[in-house]
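Me: I have a structure to study and a few short questions about how its helices pack. Can you walk me through them?

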Amino acid sequence: MESNYSWGTDVHQTTIPLRNHQRRQIRPLYRAVLLMVLATLAMGVHSFRLVQLQLIDGPKNRERAEENRIRLIPIPSNRGYILDRNNKPLAANHLTRALYVWPKEQTPEQWSQIATMLSPVLNMTPEKILAPIQKVGYHSPTAVRITQFLTPEAFVWLGEKSAELPGLEVRTESNRYYPQGSLGSQVLGYIGEATAEELKKHPQWPMGMIVGQLGIEARANEALSGVWGSRLIEVNSLNQELRELGQRPSKGGKNVKLTLDLDLQKTAEAALGDQRGAAVALNAKTGEILVMASSPRFDPNIFTKPISQKQWEELQNQDDPFLNRALQGYPPGSTFKIVSSAAGMGSGKFSPDSMQQTYSSITVGGITFNEHSGGYGVIGFRDALAFSSNTFYYQLGMAVGPEAIAEWGKRLGIGNTSLDLLGLQEGSEGFIPTPENKEKTYGEPWYLGDTVTMSIGQGAVLATPLELAVMVASIANGGYRVKPHLLEELTHTATAKPEPTGMKPEVVQVIKEGLISVVEYGTATVMNDGSIPLTGGKTGTSEVLGQTSHSLYVAFGPASKPEIAIAVVVENGGYGSKSAAPVAKAIFQTYFNKSKPASEDVNAQNTEEPPTP
């Protein structure tokens with residue numbers, strides 16, 4: 001019994017320690033397996049992420065990495081100058097500092113904070129700073145210009161804060177400016193940043209491309225703009241340049257030389273003052289435009305910086321300063337009697353020696369058409385022009401008919417002056433009515449009274465100041481219609497050569513003598529005070545319903561050997577001798593004071609041959 005009990009006791013005591021030992025062995029095994037599983041999972045996750053980063057998203061990530069350190073920096077081209085005929089700058093450039101940002105460098109929230117910091121420094125609202133970034137998107141890989149005009153204070157501040165504000169970059173650029181202010185503004189035009197539509201139309205243009213918006217700036221934009229270049233650089237995390245990897249230099253724009261004379265342009269605009277109107281002066285032989293002045297004007301320098309809505313609205317309220325009135329149609333009034341004279345003699349129904357009785361008035365179709373005075377008796381073309389006799393031309397118009405007057409008006413440049421040669425897209429052409437186009441346009445028949453008013457440049461007749469200058473130039477140069485142009489390069493080409501009008505020399509001579517008589521003893525004796533050589537001219541007063549009449553004057557000079565032809569219109573200026581003639585006189589004074597050899601002997605006989613067509 002004892003031995004059995006003792007054996008049982010020994011067995012029990014031995015079994016308990018054995019089980020504890022087994023448990024201690026199993027627990028570390030579980031832990032090892034768990035650790036191995038966790039390690040395997042971790043390695044799997046990392047391996048999967050590594051495969052995703054390097055194999056699946058590798059190309060994209062490499063591109064991002066390169067973009068973060070490699071930058072393609074556009075190099076703006078210098079815009080070409082616009083020069084006058086004597087190489088004096090009308091549009092030039094000067095250096096400015098511009099602020100650009102790289103949108104991808106910051107989050108939208110960070111850019112919002114930066115915009116708030118920059119606002120007082122740039123004197124711009126945060127919304128205005130963020131607008132160009134939002135326009136291209138916060139993930140845009142290209143830099144966006146915030147402002148082109150950093151003040152010295154802003155430049156210093158940005159330099160001090162560059163380490164704190166990654167994604168900002170200051171560049172030196174060439175910016176347009178107009179040293180003569182508003183002078184010739186409608187001719188020169190203005191510039192502005194290319195719109196989204198323009199950039200889409202011209203994919204080769206970089207963001208921030210400056211293009212012409214009006215006048216020569218727009219018409220010659222391709223030549224003036226040049227070609228932008230670029231630099232490929234490596235930068236560090238602070239956007240500081242480490243090294244240059246390559247460069248494609250920019251190509252500056254070409255200078256554009258105009259036929260305008262700066263001194264004459266200044267004189268014309270000063271003489272016009274604040275009056276609404278225009279003045280044009282041509283080289284009577286070549287058609288070079290020496291003056292193209294229009295008033296009121298605008299300062300194109302306004303558009304070299306961002307323009308506010310208030311500034312734009314103010315410009316719109318100033319009698320349309322963008323309108324080039326030199327290319328605007330006006331009733332020509334009595335200046336059109338030059339055309340009527342050419343039509344009368346050109347039709348064969350009148351000769352240079354023809355005489356007519358004049359009256360205080362004539363009645364046509366129950367309507368009375370008045371003379372300036374009680375009539376001038378029996379007179380010829382010289383005195384008819386000198387005294388601007390209406391009844392002389394009423395009778396002439398009815399004798400030759402509207403078709404002949406319209407035909408000769410076109411021969412002398414009214415209604416068919418090509419604007420292509422001006423280098424401008426803006427403007428209009430004159431208009432001379434005929435029975436056919438009146439019926440077609442207005443659905444009304446032609447009356448004899450229409451012929452009467454047409455003969456003295458009233459009714460539906462319209463002519464631009466430019467066309468009036470071409471008209472008087474055709475008398476000054478011996479009977480040739482010049483082709484007006486603003487681009488100097490056109491002066492020596494076949495397109496600029498004058499064309500014969502078909503006027504016979506004796507016809508040209510009698511009209512020329514009549515225009516000289518206007519100054520000697522006629523309606524423009526104000527031009528004959530001895531301050532300038534003797535010239536020829538014709539006054540005009542065109543009636544405007546419910547308003548003061550427009551004042552017109554056309555002229556050439558010197559009388560003995562004409563070189564320059566002038567046309568002036570002053571809106572609501574009254575008689576031609578009152579407002580328009582003094583503007584022409586001022587232009588003549590500047591022209592003759594330039595000491596041109598051809599003007600030294602104003603009494604010399606004109607032996608010059610007419611220009612070769």
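Me: In which hand does H12 pass H19 in their crossing?
Reply: This is a predicted model. In it, the crossing of H12 past H19 is right-handed.

Me: Are H12 and H19 roughly parallel or roughly antiparallel to each other?
Reply: Helix H12 covers residues 337-346, and helix H19 covers residues 505-520. Their axes lie 10 Å apart and pack at an angle of about 150 degrees. Angles over 145 degrees count as roughly antiparallel. H12 and H19 are therefore roughly antiparallel.

Me: How many nonpolar residues does the contact of H12 with H19 have?
Reply: From H12 come Ile338, Ser341, Ala342 and Met345. They meet Val507, Val510, Ile511 and Leu515 in H19. By class, no residue in this contact is charged and 1 is polar, so the nonpolar count is given by class too: 7.

Me: How many of the 10 residues of H12 are buried?
Reply: Buried residues in H12 include Ile338, Ala342 and Met345. Lys337 and Ser341 are buried too. The helix is mostly covered, and its buried residues number 9.

Me: Which helix gives the most to the largest nonpolar core?
Reply: The largest nonpolar core has 83 residues. Ile338 and Ile511 are among those with the most contacts inside it. One helix, residues 465-476, gives 9 residues to this core, the most of any: H18.

Me: How many residues are in the other core, the one with Ala268 and Ile564?
Reply: This core lies apart from the largest one. Ala293 and Ala524 are also among its residues. Its size in residues is 27.

Definitions and conventions: Residues are numbered from 1 along each chain as its sequence is written. This is a predicted model: local features need pLDDT of at least 70, side-chain atom pairs count only at pLDDT 80 or more; totals for chains, interfaces and linings use all residues. Side-chain values use heavy atoms; hydrogens and water are left out. Axes are lines fitted to C-alpha atoms, for helices over the stretch in contact, and angles run from 0 to 180 degrees between N-to-C directions. Helices (H or I, at least four residues) and strands (E, at least two) are DSSP runs, numbered from the N terminus. Angles under 35 degrees count as roughly parallel, over 145 as roughly antiparallel, 65 to 115 as roughly perpendicular and the rest as oblique. A crossing is left-handed if the near helix is turned anticlockwise from the far one by less than a right angle, and right-handed if clockwise. Contact means heavy atoms within 4.5 Å. A nonpolar core is a set of buried Ala, Val, Leu, Ile, Met, Phe, Trp, Tyr and Cys residues joined through side-chain atoms within 4.5 Å. Buried means under 20% relative accessible area, exposed over 50%, partly exposed in between (1.4 Å probe, protein chains only).
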